Structure formats: C-alpha cells, structure tokens
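Some notes on this model follow, set out as numbered points. Please read them with the sequence and the coordinates open.

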Amino acid sequence: CGSALSPNGLKVLDELGLGAEVRRAGYLIHSLIVRTPGNKDMKLTTDQAAIVLLRKHFDNMLVEKAKALGVDFRPNFKAIELLRRNGRVVGVRGRAAGEAIEERSRVVLGADGQYSLVARRVGAAVRCATL
C-alpha cells in the first residue's frame, strides 16, 4: 500500500526472483512518518530496508514474471464473481474487451487493490503491508 514494500515483502520477492529488479527500480527507506487525521505524527523505523516504487512499475514486473512462468494474462480484466465448489474458490467470472470470460484454476490470486472484490467475496480483511 502507498507504493511501499516492507522488508518481509522484499523477502518474498527475493524468493520469486524479483528482489534485485525491485531494488533497482525503487528507493530504499528505513523510516516514514504517518500523520493521523488528528494531525499527530508517528515515526516508524526499521533496521531493515523497505522499498518505495511506483505501482505501475511493480505491477508490470509481477505481470512479466507471471507470463514468463506460463500464466495466461488478460489485460483489462474485470472480475465480477468468484466461482466456488465445496466452499472453495475455484475460478473467476468476469469481462475483458467486452467478452464474458469464465476461468477455473487451482489457485486464484486477487491482486485487485484496496477495494478488492476478491477479498470482500471471501470475507478477508484487506490490509496493507507494514514496516
């Protein structure tokens, strides 16, 4: 969230083989100041580096890595409904380029942002990574 990746997020990206690329594209940070709606400041610090980078660059890195691993990427896809079987999410129904699409998969990953349809439909809390 806020275009920042926590140290734990960077560890996951290292495991995916994207850590070095993300570090080259982003800016290292070790602290940040959060201002509350009541105008109180809180400084968060870490001894491990976090990264800030533009979402458009990070999202593109993820898409390119997924495609390199054989994922069928559908740009401008809008998820409308999750498909379930025996209480488990097994796919998604949506639209892309005016075409109705229904896909089934062993794994459904919802990377659809702060107002996540996927998280709302499965009852998950939407959270940002923290330092």
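1. Glutamate 64 and lysine 67 sit three residues apart in helix α3, and so are separated by about one helical turn. Helices here are DSSP runs of H or I with at least four residues and strands are runs of E with at least two, numbered from the N terminus. The two side chains form a salt bridge with an N to O distance of 3.6 Å; the criterion is a Lys or Arg side-chain nitrogen within 4 Å of a carboxyl oxygen of Asp or Glu. Glutamate 64 has 40% relative accessibility and counts as partly exposed. Lysine 67, also at 40%, is partly exposed. The cut-offs are under 20% relative accessible area for buried and over 50% for exposed, with partly exposed in between (1.4 Å probe, protein chains only).

2. The model is predicted; local features need pLDDT of at least 70, side-chain atom pairs count only at 80 or more, and totals for chains, interfaces and linings use all residues. Numbering starts from 1 along each chain as its sequence is written, and side-chain values rest on heavy atoms, with hydrogens and water left out.

3. Confidence should be checked before any detail is used. Mean pLDDT (the predictor's confidence in each residue, from 0 to 100) is 84 for the protein chain, and 90% of its residues reach 70 or more. Helix α2 (residues 19-25) has the highest confidence, at 94, and helix α4 (residues 117-122) the lowest, at a mean of 74. Over residues 125-131, pLDDT stays under 50. For that stretch the model has 12 contacts beyond four places in sequence, a contact being heavy atoms within 4.5 Å.

4. Which residues make up the largest nonpolar core? There are nine: Leu5, Leu10, Leu13, Leu18, Val22, Ile51, Leu53, Phe58 and Met61. Helices α1 (7-16) and α3 (55-68) are the elements that each give two or more residues to this core. The term covers buried Ala, Val, Leu, Ile, Met, Phe, Trp, Tyr and Cys residues joined through side-chain atoms within 4.5 Å. Setting aside residues up to four places away in sequence, Phe58 touches Leu5, Leu13, Val22 and Leu53.

5. Strands β2 (residues 27-35) and β3 (residues 41-52) are paired antiparallel over eight bridges; pairing requires at least two DSSP bridges between two strands. One register check is isoleucine 29, whose bridge partner in β3 is alanine 50. Five residues lie between the two strands of this hairpin, where asparagine 39 takes a positive phi near 65°.

6. A separate item is the open three-stranded sheet, with order β4-β5-β6 and antiparallel pairing. Strands β4 (78-85) and β6 (99-104) are its edges, each pairing on one side only. Between β4 and β5 (residues 88-96) there are seven bridges, and the two strands run antiparallel. Here the register can be checked at leucine 83, which has glycine 91 in β5 as its bridge partner.

7. How many salt bridges does a search of the whole structure find? The search finds nine. Glu81, Arg93, Glu102 and Arg104 belong to a network of them. Within this network, arginine 93 and glutamate 81 meet at 2.7 Å, N to O. This pair links distant parts of the chain, with arginine 93 in strand β5 and glutamate 81 in strand β4, 12 residues apart. Arginine 93 is partly exposed at 30% relative accessible area, and glutamate 81 is partly exposed at 35%. Glutamate 102 and arginine 104 also form a salt bridge, their closest N and O atoms being 3.3 Å apart. Glutamate 102 is partly exposed at 40%, as is arginine 104 at 48%.

8. Two further backbone angles deserve a look. Most residues other than glycine have a negative phi. Asparagine 76 has a positive phi of about 60° although it is not a glycine. This asparagine 76 lies in the loop between α3 and β4 and counts as exposed, at 71% relative accessibility. Alanine 97, likewise not a glycine, has a positive phi of about 50°. Alanine 97 belongs to the loop between β5 and β6 and is exposed, with a relative accessible area of 84%.
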